[in-house]
Amino acid sequence: MSDATDDDGVEEMKVRRVAGTGVPIRGDDIDTDQIIPARFLKTTTWEGMDEYAFYDARRDDDGELNDHPFNEYKGANVLVVNDNFGCGSSREHAPRALARWGVEAIVGESFAEIFADNCKSLGIPAATADPETVAELQDVIEATPEAGIELDVVDKQVTYGNETVDVSIDEAMHGALVQGIWDTVALLRSNMDAIDGTATDLPYVESR
Amino acid sequence: MSEGTLYDKVWDRHKVADLPNGQDQLFIGLHLIHEVTSPQPFSELRERGIEVPYPERNVATVDHIVPTRPEGRERPLADGSAEGMLTALERNTAESDIQFYGLDSDKQGITHVVAPELGLTQPGMTVVCGDSHTATHGAFGSIAFGIGTSQVRDVLASQCVAADKAAVRQIEVDGTLGPGVHSKDLILKIIAELGVDGGVGYVYEYGGEAVRDLSMEERLAVCNMSIEGGARAGYINPDETTYEFLRGREFVPEGDAFEERKAYWEAVASDDDADYDDVVRLDVDGLEPMVTWGTTPGQAVGVSDPVPAPENLPEGEREAARTAQAHTGVEPGESMAGYDIDVAFLGTCTNGRTSDFREAAAVLAGREVHPDVRALAVPGSQTVKSTLEAEGVDDVFRAAGFDWREAGCSMCLAMNDDSLEGDERCASSSNRNYVGRQGSKDGRTVLMSPAMVAAAAVEGEVTDVRDLAEVDT
Ligand code: SF4
């Protein structure tokens with residue numbers, strides 16, 4: 001685990017651009033139960049999470065792997081999704097599973113809030129774009145899976161083929177990724193005195 | 001921007017600092033811990049050599065993975081990974097000096113049931129838990145929201161989270177709920193009206209006559225499902241109902257100290273002239289018991305209303321409605337009444353409290369569960385269970401043919417042995433009807449109130465509880 005307080009650590013943790021190939025997952029309201037079914041949450045580590053990503057959707061009724069994008073687009077790192085992706089439970093297992101599978105950035109029409117927050121704390125940019133742009137991206141990836149795609153986090157742009165389009169990234173997420181300060185433990189603990197001060201002023205916290 | 005609301009006041013009281021990323025650092029008054037989202041954070045702390053600075057502001061219990069049959073609770077648990085999570089939590093809480101209500105405790109249960117009944121949740125607090133239904137605790141007039149595993153780590157490490165302030169939407173609910181209509185129906189109605197993502201970016205403040213009339217337990221069910229409406233949190237301003245509920249509970253001060261604390265609670269309530277970012281008004285006069293017909297909590301109608309035809313819905317909702325109806329096997333144009341039920345499930349952090357079981361028992365008294373239905377009653381906590389047993393409510397359930405279990409999340413998400421099989425159809429008092437939620441990817445979930453679950457159990461099909469003769473609900 002890198003330590004955000006030392007400068008090299010921060011440098012290493014800056015997420016300025018993600019380049020690679022894309023993987024499209026089509027559909028609105030894809031909830032975290034689909035991203036990772038609850039029966040795979042009984043773990044105490046994050047090992048093996050990649051296998052569980054979209055576990056049910058990736059299999060036919062007889063348990064054989066089907067042509068789900070997560071079977072077909074191995075090696076891709078930019079996930080392209082539609083509306084309200086990641087709704088449902090707060091489980092961070094969902095973005096963890098995606099990350100272990102290889103996802104390093106997500107572009108979509110919109111994200112459930114907790115899901116986007118969880119992405120941020122893992123250093124995964126979640127960028128939003130209008131439905132037409134997302135549809136175009138998904139079409140292009142499906143037509144030419146090997147074509148490059150790049151998310152420029154700093155300038156909030158996605159480049160694919162000869163096209164460059166603007167995307168949105170939540171301000172807090174943008175700041176955290178670009179400045180390399182998404183490791184909040186170090187940030188929060190640097191204010192320990194102020195924490196004690198706030199606690200002391202609260203009528204329900206016993207003085208210590 | 002909102003001003004003068006409870007949300008603003010409580011936020012300000014808990015704000016520690018502005019963070020360089022533009023977020024606020026917020027002190028957390030109560031952190032609830034369970035076995036699923038805590039092992040990784042604790043091990044990360046251990047790796048980094050960090051000690052928990054405010055152990056007394058953290059409380060743990062075990063709920064998601066626990067077996068609900070008494071014989072299944074012998075240690076070690078038969079399911080090795082469940083045993084591993086429980087053992088990890090025992091060790092982690094012991095090493096960090098954190099109160100843990102384990103399987104051997106008569107206070108064990110679902111975090112969102114346990115904390116309110118012990119008086120741990122109080123007005124004017126910030127409450128978090130690695131679970132989206134933390135919104136439940138807002139019923140007391142606290143800021144309560146679910147956090148991800150990394151934030152669980154942050155809270156353990158600093159008793160703080162980095163957070164963005166949301167906008168506040170006031171939802172004024174006028175009118176009176178009729179007989180057989182409960183707070184679950186009210187919140188399902190709100191979600192159906194505003195949509196499952198209608199609350200994104202907002203915190204909901206529920207108010208108005210219909211909300212003020214609710215008991216504390218009913219209010220908890222409303223706030224619980226804020227998250228199903230897309231809102232990160234929901235709250236109700238504290239009032240006499242809140243204070244009377246709190247009086248005498250284990251973690252609530254007594255005597256003069258109670259009065260002092262109450263002064264703080266009153267002070268944080270929203271001002272009469274508070275500014276809101278948005279205001280929505282709703283009237284529940286004449287509201288019917290609500291049931292879901294699809295695979296999101298927003299796909300809900302009154303029990304005698306026709307299920308909408310996808311082509312009549314707004315364009316963006318049509319495809320989802322078609323897929324959902326193919327899954328649940330409902331016919332547009334018909335009402336949900338008469339939809340066959342294989343399983344009746346009563347419990348969860350939405351509707352697993354004493355009043356929920358009493359309401360269901362009023363329906364079940366003198367009746368029997370339909371022979372084609374397996375019926376499960378899972379109290380939200382061991383305290384709920386023992387309270388009901390002292391009243392003889394368990395006898396009503398047993399006599400009717402319900403399986404009467406120990407506390408846990410159970411078939412809400414089927415992380416234990418309680419699960420839907422195949423394409424079973426379940427009348428459920430839980431909060432989520434997503435595909436696969438109850439343990440079978442072909443399973444069908446119909447969300448409804450506890451009284452409606454009891455009616456469905458008896459009739460073997462979705463039934464308007466008000467049609468059952470002599471039910472006093
Ligand atoms: S009862 Fe269901 S919704 Fe509530 S905490 Fe347990 S699993 Fe989550």
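## Backbone features in chain B

Asp97(B) lies in the loop that joins α3 to β5 (99–101) of chain B. In this predicted model, the phi angle of Asp97(B) is near 65°, a positive value in a residue that is not glycine.

Another backbone feature occurs at Pro76(B), which belongs to the loop between β4 (58–61) and α3 (80–96) of chain B. The peptide bond leading from Arg75(B) to Pro76(B) is cis, and its omega is near -10°.

## The loop that holds Gly298(B)

Gly298(B) is part of the loop connecting β13 (290–292) with β14 (300–302) in chain B. Although Gly298(B) and Lys189(B) are separated by 109 residues in sequence, their C-alpha atoms are 8.2 Å apart in space.

Leaving aside residues up to four places away in sequence, Gly298(B) touches Ile191(B), Ala192(B) and Val196(B).

## Surroundings of the ligand

The ligand occupies the largest cavity. Around the ligand are the histidines His64(B), His112(B) and His133(B), together with the cysteines Cys349(B), Cys409(B) and Cys412(B). The surrounding residues also include Ile110(B), Asp131(B), Thr348(B), Leu413(B), Asn431(B) and Arg437(B).

By class, this shell comprises five nonpolar, five polar and two charged residues.

## Helices α1 and α10 of chain B

Helix α1 (residues 6–14) and helix α10 (residues 255–268) of chain B have axes that come within 8 Å and cross at roughly 125°. The two helices, α1(B) and α10(B), are therefore oblique to each other.

On the α1(B) side, the residues that meet α10(B) are Leu6(B), Lys9(B), Val10(B), Arg13(B) and His14(B). Their partners in α10(B) are Tyr264(B), Ala267(B) and Val268(B). Classified by residue type, the contact of α1(B) with α10(B) contains five nonpolar, one polar and two charged residues.

## Helices α6 and α8 of chain A

In chain A, the axes of helix α6 (residues 113–121) and helix α8 (residues 171–179) come within 10 Å, crossing at roughly 10°. Because an angle under 35 degrees counts as roughly parallel, α6(A) is described as roughly parallel to α8(A).

From α6(A), the residues that make the contact are Ala116(A), Cys119(A) and Lys120(A). Helix α8(A) contributes Ala172(A), Met173(A), Ala176(A) and Leu177(A). The contact of α6(A) with α8(A) has six nonpolar residues, no polar residues and one charged residue.

Methods. Residues are numbered from 1 along each chain as its sequence is written. Chains are lettered from A and ligands numbered from 1 in the order in which they are written. This is a predicted model: local features need pLDDT of at least 70, side-chain atom pairs count only at pLDDT 80 or more; totals for chains, interfaces and linings use all residues. Side-chain values use heavy atoms; hydrogens and water are left out. Axes are lines fitted to C-alpha atoms, for helices over the stretch in contact, and angles run from 0 to 180 degrees between N-to-C directions. Helices (H or I, at least four residues) and strands (E, at least two) are DSSP runs, numbered from the N terminus. Angles under 35 degrees count as roughly parallel, over 145 as roughly antiparallel, 65 to 115 as roughly perpendicular and the rest as oblique. Contact means heavy atoms within 4.5 Å. Ala, Val, Leu, Ile, Met, Phe, Trp, Tyr, Cys and Pro count as nonpolar, Asp, Glu, Lys and Arg as charged, and the others, Gly among them, as polar. A residue is near a molecule or strand if one of its heavy atoms lies within 4 Å of it. On a 1 Å grid over the protein atoms alone, a cavity is a set of points where a 1.4 Å probe fits but cannot get out, and a pocket is an open set with protein on both sides within 12 Å along at least five of seven lines; lining residues have an atom within 4 Å of a point. A molecule sits in a cavity or pocket if more than half of its atoms lie within 2 Å of its grid points.
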